Each structure stands twice: as C-alpha cells, then as structure tokens.
Amino acid sequence: MATTLDVLTSGAALPEDRGVGDVSTRSTFGTLGWLYSAGFALGGLVVGSRPLHDNSFFVHLATGRWIVDHGAVPHHDVYSFSAPGVRFVAQSWLAELAYGALERSVGAGYIRLLMGCVAAAVAVAVFRLALRLTGALYRAVGIALVAFTVIGAMYSERPLAFGLLALVGVVWIVEVPDSRIGRRPILTLPAVLWCWGNVHGSMALGFAYLALHLVGRTIEGARPWRAGRERDIAIGTLVGAAVLCVNPYGPQLLWFPVELLGRGKVLADVVEWMSPDFHSVAGMAFAAWLVVTVVVCAFGVRPSRRDVVVALPFVLLALWALRNLAVCVIVLVPVVARSAAVHDGRAPHEHRTTVGRFVAALLVVAMSAVGLGALRSPAFDQRSYSRAAMNWLVDHHALGLHMFTTDANAGWVIAAYWPRQHVYMDDRYDMYPIALMEDYQKVASVQPEWQSLLDRYRIDVVVWPTNRSLSQALRASSSRWTRVEHDSAWSVFVRLSD
C-alpha cells in the first residue's frame, strides 16, 4: 500500500487506497483522535480569546471602523498630523472590515471570540495534519503540542492570525493530496490565496512555499510542466496570483511586501523583525521545536529532497525575524510528521469508550465557557497604554495638539481618541516616509538634534514612558518643557511658551 510519503517522493498519482497516515482520521465522536482534537481546540480558544491589547491591532480596528463608516477602503493616511494624505495601502483591509463590522454590530467581545476560533482552527488543523501524516496518535500529539507552543507564544489578534490559518490551508492542499481541499488545487489554491492576500501581506510567504515545493519536486523528477499533480499546483498558484489582483488596491496589494522589505534599515529596530531571543518564551519554544525536528529527522524516515528544499529557507527566515517563527513551524509540521510516520501498515488503535465521550463532552462545555467568558468580560486590555496621561489631556482640553508619543502607544491613541487626536507616527512602517521615521528614532533615542526636531514638527505635548531617556532629557530641559502629569509608567510634558 502506497503512503503519502511515497506519493510525494515518487511523483506518482495517488492511488485510491489511502496510506497509513490516513487511517486514524476515520473516527467517530468519542475516539481518542477527536478527543485530542477537542483538547487542541480548547487550547487554541484559550490562547486566542485573550483580551484585545496589541498596539497594531488597535490601528487595524480603527481602519475597520473607517471602512464600515465610509463604505470604502482608505487610500491615504488620515491618522497622523506629520504625513497627512500620504498613500496608504490597508493591506489587511478584509480582516479590518471584519473587526469593524463585528464591533459596530455586536460588540468588540465578538472580535475576541473570532480570534479564539481562528486560533482553535489553527491548533486543530496542525494536529490533524500531524495525525494524518504520522498514522500514530501519540506521535502526532507530541509534534502538535510543541508546534502549537511556538504558535501560541507568537499569537495575537493581529491579521497575521488569519494568515497563519490560510498557510495551514495551503499546506494541507499541497501535503495531503487526497484530502478534500487537496484533490483539486487548481480550484482551492486560488480561493485560499485570494483570502490570504486580502487579510495579510504574509501571503508572499505562501507563494514562496509553493515555489519551493515545485522546485523540490522538479529536483525529484516531478516536473510541473508535465501532466500531473505538480502541474495542477503550478496552475493553481498562477491563477491565485492573477485573482489576487482583484482587490480594492489592484496590483499594489501584491507589491506591498516588496516595498516593506525595502525598508530594512527602519525595520532593523523593530522587535518583530529582529532575530529571536532564545531566552524568551517564544525563543525557547522555537529552540525546542528545532531540537524535535533534528531528532525526528535523524532517527526517523529520512526527509526527501523536496522536504529539505522547503524546510531550510523557512528555518533561515525564522532565525532572521521573530515574526516568521509560527510560519516556519507550520511549514515544517508535515516534514517532521512524515519522518515520524508509522509504516508497518497497522492502524492505530482507537478507543471508543464511554469515558472518552464524557471527557469530550466536558471539553465542549469548557470551550463554551471560554467563549462566553470572552463575550462577558472586558474586551480590551489597555493597562500598558497611557490612559492617565490621555485623561489629563482630555481634562485640560489639550486633545488635538501636536503630540509625540511612542509608535506603539500611538496605535492605541488612534483607536481611542481619533479623530479628536492625531499622532506623529504609529507602527505602519510600510507607509510613513523613511525620513520621518528616522526623525522619530532620533528624538526617541535623544540624539543631538532631538530638540530641533520637536521644534520642526511643532510638537506641543510629549507623552512618553517615565523611565526612558527622552523623559529624563525633557525634565532636564526645564526652560522649554514642563512635566504636568506622571505616574510610574507614563509622563506628560507640555512645551512652555516662548
């Protein structure tokens, strides 16, 4: 009986009889496979439905409100006073529309629930993928647990979450040819790629993955210009790129990732674009995943040449930038799963027990409780932002002045106070002029020209973390600035009249 691994490495068409990696998926409610699926769903729901707190999310939420209110996507910046009218491509417009529509119609708590469901879908899909390709329940559980630990450490309510779900879909289409979405890649790939491209710019990594797969299969002899599955994948990829041009921004949406990478000097100072810190939770989880990958591939079934071609570039991408960790793990799951696969032809034993059904029912109840908790508790977590400082501005009728604050805090300010308050800069590094972002860094790091830059941009108010160097410099410049409000986290400085 041919296995999925045999099909991928031989280039032959998939036979009608399924491989051993598919046996464990033929299960009913109450079996261990679905019991663990429910467990992964619960874990994903808990991770994904945390209170909304990410600074980038707040800008996406504000843009979603703008789309709902205006019935169109923005093409120029409306949030800053430093770059008004600059061309703005809301590359996550579809996700932003979902945020705005949910908040306007049923409340922000449903955004929490949506993000929890997305995380649950990613967790279950990763586990079922590992189960499908290993044919061994507990090996699949181990692989998926380590993988989702990395994904969970990086997960937030940003549109990237939708991109991760789309990536899982693309991986299923390619890696499991006899799955429902894998049988007709000419149809399913364009649909998934269009959705992905309109929710997040990481779709460029999807095209990279597909290209690497085709290169690897060509090396193995399955050339995409010949009739067969690889040609269907190649056609689906090309059609996907074509249909992706059908969006509110046209080809500009496809070009967005290239423009962003062209700003490498600015991105070098952004945490998510830095190499992973292996002392952090995410870094240690990724290190554990790399160890699992090496051990399984060394002692299990040797990876095919195609797997090596796909895996190595994504490992390098993860080591280059923190934001690529989850992407790398998802791409590597099938590689590790095939190396850990059981090839003795025996189906894993399925336990259909009353206890199993009872535990599964408890997990469903627990998921319902988590979902209700997300709807009934406060939707937002704003503790890390300058709430007291902004309250001072409101109380003293100072909203609307030219304010300088951190790019992260500015995202929250946009969501909470725009259009009454505009910002100097938030974290849309793809949009702001490079010179303006460099000026921001000069002021934030108190370089020699910091005072003249505050004068040039006519900054009247600075809201800055109390313990950072700019706050200390402003306090020392008592002839020009005075501190009017502060706590242990944030300080408010107002320019003195000449």
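Let's start with the building blocks: this protein has 21 helices and 4 strands. Keep in mind that what you're looking at is a predicted model, so every value here is computed from it.

How big is the whole thing? Along the principal axes, the C-alpha atoms fill a box of roughly 85 × 50 × 45 Å. You can also check the overall shape with the radius of gyration. A compact globule of 498 residues would have a value near 23 Å, and this protein comes in at 25 Å, which agrees.

Now think about what's inside and what's outside. Of the 498 residues, 55% count as buried. The protein still exposes about 21100 Å², and 62% of that area is supplied by carbon and sulfur atoms. As for charge, there are 42 positive and 36 negative side chains. If you find the centre of each set, the two centres lie 6 Å apart.

How does the chain meet itself? Take the contacts between residues at least 6 apart in sequence: 73% of them join residues at least 24 apart.

Ala408 lets you see this sort of thing up close. You'll find Ala408 in helix H18, which covers residues 407-417. Is Ala408 buried, exposed or partly exposed? Its relative accessible area is 28%, so Ala408 is partly exposed; to count as buried, a residue has to be under 20%. Leaving out residues up to four places away in sequence, Ala408 touches Asn55 and Tyr385. Look at Asp54 too: Ala408 and Asp54 are 354 residues apart in sequence, yet their C-alpha atoms are 8.7 Å apart in space.

Next, the cysteines. A disulfide is a covalent bond between the sulfur atoms of two cysteines. To count as one here, the two sulfur atoms must be within 2.5 Å. How many disulfides does that give? The count comes to 0. Cys297 shows you why: the closest cysteine sulfur to its own is in Cys328, 12 Å away, and that's too far for a bond. Turn it around and look from Cys328, and the nearest cysteine sulfur is that of Cys297, again 12 Å away, with Cys328 in no disulfide.

Where do these two cysteines sit, in terms of exposure? Cys297 has 16% relative accessibility, so it counts as buried, since the cut-off is under 20%. Cys328 is buried as well, with a relative accessible area of 0%. So both cysteines are buried, but their sulfurs are too far apart for a bond.

Key:
Residues are numbered from 1 along each chain as its sequence is written. This is a predicted model: local features need pLDDT of at least 70, side-chain atom pairs count only at pLDDT 80 or more; totals for chains, interfaces and linings use all residues. Side-chain values use heavy atoms; hydrogens and water are left out. Helices (H or I, at least four residues) and strands (E, at least two) are DSSP runs, numbered from the N terminus. Buried means under 20% relative accessible area, exposed over 50%, partly exposed in between (1.4 Å probe, protein chains only). Contact means heavy atoms within 4.5 Å. The radius of gyration is taken over C-alpha atoms; the globule rule is 2.2 Å times the number of residues to the power 0.38. Accessible areas come from the Shrake-Rupley method with a 1.4 Å probe; for residues, only the protein chains shown count as cover. Lys and Arg count as positive and Asp and Glu as negative; His and the chain ends are not counted. The place of a charge is taken as NZ of Lys, CZ of Arg, CG of Asp or CD of Glu.
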